[in-house]
Amino acid sequence: MDSQGQTTSLQRLQNVEKRIVKVLELAGGVMDELASPVGPRKDVVQNHCLEFMQLIKDIQVALRDEIKSACEYRPFEKCDYGPRLTNEICFKKVEFVMSQLDAMKQTIDEYHVSV
């Protein structure tokens with residue numbers, strides 16, 4: 001992973017951390033509201049719960065994206081073994097086709113000589 005990719009990845013993870021802190025604050029706010037001597041205010045609890053659920057979804061998406069981008073990192077991506085091997089195989093195929101064409105040409109030449 002390049003330096004720029006690491007920086008932005010760290011920034012995104014720091015944003016996720018901030019969202020997690022906010023989720024905990026919301027959960028604490030709901031607990032305070034439920035423990036209130038006057039009783040919980042339904043609208044406050046509902047708003048906190050909605051915001052809590054939305055933040056949880058956002059956190060899941062962000063973490064899933066970070067995991068996916070980490071999995072896309074390939075330390076051997078500059079390795080040329082695969083392309084070299086493919087090239088060698090193609091070279092052998094071309095050699096085989098050329099030998100077959102040479103054999104066909106020789107057969108045709110022999111036919112023309114005999115006719």
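# Helices, salt bridges and nonpolar groups

Trainee: Where does E33 lie?

Mentor: The model is predicted, so local features are read where pLDDT is at least 70. In this model, the place of E33 is in helix 1.

Trainee: Is E33 buried or exposed?

Mentor: Residues under 20% relative accessible area are classed as buried. E33 has a relative accessibility of 9%. Because that value falls under the cut-off, E33 counts as buried.

Trainee: With which residue does E33 form a salt bridge?

Mentor: Leaving aside neighbours within four places in sequence, E33 is in contact with G39, P40, R41, V44 and V45. A salt bridge needs a side-chain nitrogen of Lys or Arg within 4 Å of a carboxyl oxygen of Asp or Glu. The closest N and O atoms are 2.9 Å apart in the pair that E33 makes with R41.

Trainee: How many salt bridges does the structure hold?

Mentor: The bridge between E33 and R41 is among them. The pair of R12 and E66 also meets in a salt bridge, at 2.4 Å from N to O. For the structure, the salt bridges come to five.

Trainee: How many residues apart are R12 and E66?

Mentor: The side chains of R12 and E66 meet in a salt bridge. The pair links distant parts of the chain, with R12 in helix 1 (residues 3-34) and E66 in helix 2 (residues 42-72). In sequence, R12 and E66 are 54 residues apart.

Trainee: Which residue of this pair is buried?

Mentor: R12 has a relative accessible area of 40%, so R12 is partly exposed. For its partner the relative accessible area is 9%, which means buried. The buried residue is E66.

Trainee: Which residues does E66 touch, not counting residues up to four places away in sequence?

Mentor: E66 is found in helix 2. Contact here means heavy atoms within 4.5 Å. The residues that E66 touches are S9, R12 and L13.

Trainee: How many residues apart are E51 and K22?

Mentor: The side chains of E51 and K22 meet in a salt bridge, with 3.9 Å from N to O. This pair also links distant parts of the chain, with E51 in helix 2 and K22 in helix 1. E51 and K22 are 29 residues apart.

Trainee: Is K22 buried or partly exposed?

Mentor: Partly exposed is the range between 20% and 50% relative accessible area. E51 has 34%, so E51 is partly exposed. K22 has 32%, so K22 is partly exposed.

Trainee: What accessible area do the residues of the nonpolar patch have together?

Mentor: The patch on the surface is formed by L10, L13, L63 and I67. Helix 1 and helix 2 each supply at least two residues to the patch. One of the residues is L13, which lies in helix 1 and counts as partly exposed at 36% relative accessibility. Together the four have an accessible area of about 350 Å².

Trainee: Which residues make up the largest nonpolar core?

Mentor: A core residue has to be buried, with side-chain atoms within 4.5 Å joining the set. The largest nonpolar core has six residues, including V16 and V23. Helix 1 and helix 2 each supply at least two residues of this core. In full, the core is V16, V23, L26, L55, I59 and A62.

Trainee: With which residues is V23 in contact, leaving aside its neighbours within four places in sequence?

Mentor: V23 is one of the residues of the largest nonpolar core. Its contacts, with those neighbours left out, are F52, L55, I56 and I59.

Trainee: How many disulfides are there?

Mentor: A disulfide needs a pair of cysteine sulfur atoms within 2.5 Å. C49 is partly exposed at 35% relative accessibility, and C90 is partly exposed at 41%. By the sulfur cut-off, the count of disulfides is zero.

Trainee: In what order do the elements of the chain run from the N terminus on?

Mentor: The secondary structure comes to three helices and zero strands. From the N terminus on, the order is therefore written with helix symbols alone: α-α-α.

Trainee: What percentage of the residues of the chain count as buried?

Mentor: The accessible surface of the chain comes to about 9,800 Å², and 62% of it belongs to carbon and sulfur atoms. The chain has 115 residues. The part of them that counts as buried is 12%.

Terms used
Residues numbered from 1 in each chain as written. Predicted model: local features only at pLDDT ≥ 70, side-chain atom pairs only at ≥ 80, totals over all residues. Heavy atoms only, no water. Helix = DSSP H or I, 4+ residues; strand = E, 2+ residues; numbered from the N terminus. Buried < 20%, exposed > 50% of the residue type's maximum accessible area, 1.4 Å probe, protein only. Patch = residues over 30% accessible without salt bridge, like charges linked within 9 Å, V, L, I, M, F, W, Y side chains within 5 Å. Areas by Shrake-Rupley, 256 points an atom, 1.4 Å probe, with all protein chains shown as cover.
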